[in-house]
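Dear colleague,

Please find below the structure I am handing over to you. My findings follow directly after it.

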Amino acid sequence: MAEILAISRMLSFACQRARSMELGVSTYFLEMALMSLMQDMLNTGMDGAANEPFNLPNTGAGFH
């Protein structure tokens, strides 16, 4: 579980940096990767980990 949380934090950081650099496509795919990882955590019973606050505000990337 610690490794998955570490990956999630790295993705969150990369997403924030891509957003701050206005890299729209990269931001979109990093957000998708983070959302997929969070879904995997929920599917594997890591409910508490998936609720950890990651910085992923709605940026209008088009996936809801």
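From the N terminus on, the elements of the protein run α-α-α. The secondary structure thus amounts to three helices and zero strands. Please bear in mind that this is a predicted model.

As regards the overall surface, the protein has 64 residues, of which 27% count as buried. The exposed area is about 4200 Å², and carbon and sulfur atoms supply 60% of it. Considering contacts between residues at least 6 apart in sequence, 59% of them join residues at least 24 apart.

The interior may be of particular interest to you. In soluble globular proteins, nonpolar side chains tend to be buried together. In this model, the largest nonpolar core consists of ten residues: L5, L11, C15, A18, L30, L34, L37, M38, M41 and M46. Two elements, helix 1 (2-20) and helix 2 (24-43), give two or more residues each to this core. Helix 2 gives the most, with five residues.

One member of the core, L11, shows how its surroundings are made up. Once its neighbours within four places in sequence are left aside, L11 is in contact with L30, A33, L34 and L37. Of these partners, L30, L34 and L37 are themselves listed in the core. What, then, is the situation of A33, which lies in helix 2? A33 has a relative accessible area of 31% and is therefore partly exposed. Since a core residue must be buried, which means under 20% relative accessible area, A33 does not qualify for the core. A33 can also be placed relative to S12: the two are 21 residues apart in sequence, and their C-alpha atoms are 9.5 Å apart in space.

I also looked at the aromatic residues. A pair of aromatic rings is described by the distance of the centres and the angle of the planes. A search of the whole structure finds one such pair. It is formed by Y28 and F29, with 5.1 Å from centre to centre and 75° between the planes, and is edge-to-face. The angle is over 60 degrees, which is why the pair counts as edge-to-face.

How exposed are the two partners, Y28 and F29? Y28 is partly exposed, at a relative accessible area of 26%, whereas F29 is exposed, at 53%. Neither value is under 20%, so neither Y28 nor F29 counts as buried.

With kind regards

Key
Residues numbered from 1 in each chain as written. Predicted model: local features only at pLDDT ≥ 70, side-chain atom pairs only at ≥ 80, totals over all residues. Heavy atoms only, no water. Phe/Tyr/Trp six-rings, centres within 6.5 Å; stacked < 30°, edge-to-face > 60°. Buried < 20%, exposed > 50% of the residue type's maximum accessible area, 1.4 Å probe, protein only. Core = buried A, V, L, I, M, F, W, Y, C linked by side-chain atoms within 4.5 Å. Helix = DSSP H or I, 4+ residues; strand = E, 2+ residues; numbered from the N terminus. Contact = heavy atoms within 4.5 Å. Areas by Shrake-Rupley, 256 points an atom, 1.4 Å probe, with all protein chains shown as cover.
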